[in-house]
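Each question below asks what supports a description of this structure. Each answer goes back to the computed value and, where a term needs one, to its cut-off.

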Amino acid sequence: MEEAYRAALACIPGMNILALPRLIEMAGGPTTLWNIFENGGGRAAALVGSEKAAQFKEASRSSHPGMVLKELKRHGIRVMFPGGPDFPERLTSIYDPPAVLFMKGNQLPHQGMYVAVVGARRASGYGKWVAETLAAQLAGLGIVVVSGAAYGVDACAHLGCLKASGFTAAVLGCGIDRIYPAEHEKLFQNIENSGCIVSEYPPGAEPLAWHFPHRNRIIAGLSHAVVVVEAAEKSGALITADMALEEGREVLAVPGPINSFLSLGTNALIQKGAKLVRSIEDICDELPWDFSHAASTPPGLPGAQLAGIELSILDLLRGGPRSLDWLSARLERNPGELLPCLTEVSLKGWVGEEVGGKYRLLRDPEMPSRIKSNRSIKIQQ
Amino acid sequence: MFARLDSCSILGMEVIKVEVEVNTTGSLPGIHLVGLPDAAVRESYRRIKAAIGNCQLPFARQRITINLAPASLRKEGSNFDLPIALAILAVSGCFKPEALKKLLVVGELALDGRVRGVRGALTMALWARRNKREIVLLPRENLGEAAQVGGIEVVGVGSLKEAVDYLHGKPIASKPLPPILPETESFPCLSDVKGQLQAKRALEIAAAGFHNILMIGPPGSGKSMLAQRLPGLLPQLDADQVLEVSSIKSIAGLLEPDKSLSKHPPFRAPHHTISNVGLAGGGHPLPRPGEISLSHYGILFLDELPEFRRDALEVLRQPLESGRVSISRSLICASFPARFLLVAGMNPCPCGYMGDPQHACSCAQSRIRHYYSRISGPLLDRIDLQVEVPRLTPAELVEMPAGETSQVMARRVNAARERQKERWRPGRTNAHIELVHMRDSCRLGEEQKRFMYMAADRLALTGRGFDRCLRVARTIADLAGREEVAVADLAEAVQYRSLDRLRGSANMTEVNYGGSI
């Protein structure tokens with residue numbers, strides 16, 4: 001019954017979710033706390049002040065924990081709490097674990113690694129590609145990808161994981177029944193179907209600005225490592241990184257070009273000592289898990305031969321995204337010849353198409369298919 | 001006394017014969033007009049009376065009954081002024097009623113007896129020729145267009161007096177016809193547009209296979225310029241097509257009186273505030289052809305596609321499929337041909353700057369999604385080519401080569417059309433051939449199939465998208481002069497699906513690498 005009382009307490013209108021764990025502790029358990037609120041009087045007033053005590057008294061008398069739980073179940077929402085059977089162990093050990101977690105979708109895997117991929121909402125094409133690719137490769141290794149379902153990097157991380165049929169967890173800063181941002185309705189549905197959505201806020205809670213920094217502590221707490229993909233100087237992703245550091249999680253950052261404001265945060269993190277991510281191997285190195293069995297099947301694209309003109313296209317694209325006109329002028333080929341080649345290289349995963357009719361280099365043919373991981377270097381020594 | 005003669009009315013593209021009968025009885029003077037006339041027709045006897053009076057012609061001082069047959073059809077417009085007037089003159093003894101035989105008469109009268117022009121004279125003359133009429137008597141204003149139908153005598157009269165003179169057998173003392181000007185119209189050349197090679201290539205494919213095309217680009221990137229140059233790539237119309245297209249123009253009253261019929265495919269670019277009736281046709285009293293019919297065999301350019309009213313866009317669906325538009329109202333049912341090439345333009349987002357390296361896009365994701373959702377899937381399914389038209393920087397504008405001229409491209413287009421003519425029935429193009437025949441003719445080999453499966457998988461092609469690619473690839477092969485559809489043709493065809501990608505990213509089913517959206 002503990003989950004019912006915790007859920008009911010969280011659902012009381014006006015309840016401070018962040019203070020709830022402390023209140024439960026002071027009262028000596030959720031059931032006692034509920035009874036205190038129900039009876040009202042001095043003890044309740046001592047805990048939350050007389051005004052709120054009166055309010056809570058009324059609210060707790062008009063509802064019943066069992067009913068609350070039943071109602072939640074009717075909407076497909078499950079309830080987890082620290083000490084409960086499904087509650088992720090790592091999350092109990094953070095500084096201020098949530099009193100209760102609402103959740104939709106599949107059960108979080110007990111075993112296995114969790115990696116958070118977070119970053120800017122206004123991500124660049126590069127950032128989006130990095131998020132999608134890393135998430136897909138992590139998913140390919142059976143790693144759970146955690147993120148915040150926001151625009152930009154978050155969405156691409158979820159999407160990349162889903163595309164690789166991985167398990168992805170979205171941690172929200174609002175009630176679990178709300179879709180925020182609303183445009184991600186379809187994404188939410190897909191996450192719910194093949195992953196899960198988690199929130200500490202009761203159903204119906206608004207996506208208030210101050211929820212999100214607190215939400216970030218759950219993202220960090222759930223994960224073994226946090227990868228920051230693109231972040232401006234002041235970014236929510238940096239808060240997640242800070243919290244991850246405080247909780248002793250690994251923090252990694254993907255470097256970006258120095259002339260982009262979206263690299264300021266990530267490059268600064270690297271300067272301060274966050275691990276620089278060159279490829280998926282750099283992330284795996286930081287995880288307390290043996291990937292040697294996975295390493296034999298490198299994730300990514302099938303090895304493909306490149307024809308002469310395709311190589312010249314990739315060569316020209318190394319300087320940044322280019323339009324067909326530009327390529328056509330440089331290679332002195334007409335579009336009828338170039339377009340089939342561009343399709344070939346984009347199907348093979350070397351090139352991506354951008355808004356504005358430009359083509360971007362995604363993989364460099366000169367790049368080795370696997371970057372030597374630091375760990376294996378250490379072993380060799 | 002009794003007199004009768006033939007006139008006609010136009011419903012949709014059809015000419016309907018209307019017999020005008022006039023009878024006099026010897027009672028008190030008066031006029032009765034029967035046979036389901038509408039307001040404009042009922043008013044006609046006042047014009048007729050004034051015109052006859054002003055021309056000093058006789059008007060029977062008897063009870064006159066005018067009947068317009070068939071009685072069941074609603075008669076509308078002012079076409080019947082002249083025939084009714086002539087019939088009244090016949091019963092008034094001005095000339096023998098027999099003189100009116102063999103004539104087909106239309107025209108509106110002014111109070112002073114002048115004859116005003118009518119709409120659809122070309123269509124009527126064509127009908128008269130088909131139905132073995134010998135003489136068409138019509139307003140001089142319409143003589144130019146009607147005279148271009150050979151094999152029939154066309155008489156243009158400037159006034160009621162002239163019409164009477166003609167019936168008396170006197171030659172009409174009319175000004176000579178203005179000389180018919182040879183067509184001088186020429187289209188601007190595609191080499192005026194710098195760069196934009198992919199868009200130009202897409203236009204060439206569109207012209208070759210009559211594929212509908214959507215151009216997506218920020219403001220000022222040259223979408224309209226490109227669209228205006230597409231007619232220059234299309235082959236000229238053949239004789240039948242010229243008459244059909246001009247006929248529609250004539251019904252709409254858009255034919256210029258002193259010009260020969262244009263051999264060029266029409267180009268229409270209605271503004272996005274157009275109503276669905278303006279686009280599809282309709283209206284009162286007689287349905288007029290809409291913009292889609294006026295662009296029959298030619299180009300309908302809809303710039304700012306998402307700004308068009310949604311119901312107006314939805315009426316495009318049936319004509320895009322069948323090449324005709326049917327207008328059904330409570331009393332009438334008309335049908336116009338509408339086999340047009342749709343060229344649509346739109347911005348990549350409401351503010352227009354998504355993906356632009358120089359401007360930041362200021363649109364919320366929800367607005368972008370809303371913007372795309374304004375174009376329905378079924379409409380989009382009928383647009384085979386989607387291409388982005390990026391804005392060039394000033395430096396690129398200087399640097400980029402002008403590219404091929406329209407003339408060179410038109411030659412390839414013509415050759416591709418010839419190939420299609422051999423394969424399908426004449427007049428059919430790759431865009432409008434039934435899917436079964438299309439799949440039949442493409443006969444993909446093992447290698448091609450493997451490529452398409454890979455593309456379908458990687459690019460999340462839908463069934464419809466797959467078929468669209470096939471059609472476009474067929475045209476690309478025709479342009480290259482290949483009977484077999486090669487892998488390269490298919491590979492090029494899958495490039496023309498820009499909007500699918502943009503929509504995919506707006507709906508969060510695909511990552512768009514184009515920076516912040």
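Q: How many residues does the contact take from chain A and from chain B?
A: In this predicted model, chain A gives 39 residues and chain B gives 35 residues. A pair of residues counts as in contact if the C-beta atoms, placed from the backbone, lie within 7 Å.

Q: Which helices and strands of chain A each supply at least two residues of the side that touches chain B?
A: The helices are α8 (125-140), α9 (153-163), α10 (185-194), α17 (324-331) and α18 (335-347), and the strands are β11 (351-354) and β12 (358-361). The largest share, 8 residues, comes from α18(A).

Q: What is the make-up by class of the side of chain A that touches chain B?
A: That side has 17 nonpolar, 11 polar and 11 charged residues.

Q: Why is α2(B) called oblique to α3(B)?
A: The axes of helix α2 (residues 44-54) and helix α3 (residues 81-91), both of chain B, cross at roughly 55° and come within 10 Å. Angles under 35 degrees count as roughly parallel, 65 to 115 as roughly perpendicular and over 145 as roughly antiparallel, with the rest oblique. The crossing angle of roughly 55° falls in none of those three ranges, so α2(B) is oblique to α3(B).

Q: Is the crossing of α2(B) and α3(B) left-handed or right-handed?
A: The crossing of these two helices is right-handed.

Q: Which residues make the contact between α2(B) and α3(B)?
A: From α2(B) they are B:Ser44, B:Arg47, B:Ile48, B:Ala51 and B:Ile52; from α3(B) they are B:Asp81, B:Ile84, B:Ala85, B:Ile88 and B:Leu89. By class, the contact of α2(B) with α3(B) has 7 nonpolar, 1 polar and 2 charged residues.

Q: Where do the domains of chain B lie in the sequence, and how many residues of each are in contact with the other?
A: Domain 1 covers 2-167 and domain 2 covers 190-506. Their C-alpha centres lie 44 Å apart, and 18 residues of domain 1 of chain B are in contact with 20 residues of domain 2 of chain B.

Q: Which element gives the most to the side of domain 1 of chain B that touches domain 2 of chain B?
A: α4(B) does, with 4 residues. β1 (2-11), α4 (121-130) and α5 (143-146) of chain B each supply at least two residues of that side, which by class has 6 nonpolar, 6 polar and 6 charged residues.

Notes:
Residues are numbered from 1 along each chain as its sequence is written. Chains are lettered from A and ligands numbered from 1 in the order in which they are written. This is a predicted model: local features need pLDDT of at least 70, side-chain atom pairs count only at pLDDT 80 or more; totals for chains, interfaces and linings use all residues. Axes are lines fitted to C-alpha atoms, for helices over the stretch in contact, and angles run from 0 to 180 degrees between N-to-C directions. A crossing is left-handed if the near helix is turned anticlockwise from the far one by less than a right angle, and right-handed if clockwise. Two residues are in contact if their C-beta atoms, placed from the backbone, lie within 7 Å. Ala, Val, Leu, Ile, Met, Phe, Trp, Tyr, Cys and Pro count as nonpolar, Asp, Glu, Lys and Arg as charged, and the others, Gly among them, as polar. Domain bounds come from an automatic or database domain assignment.
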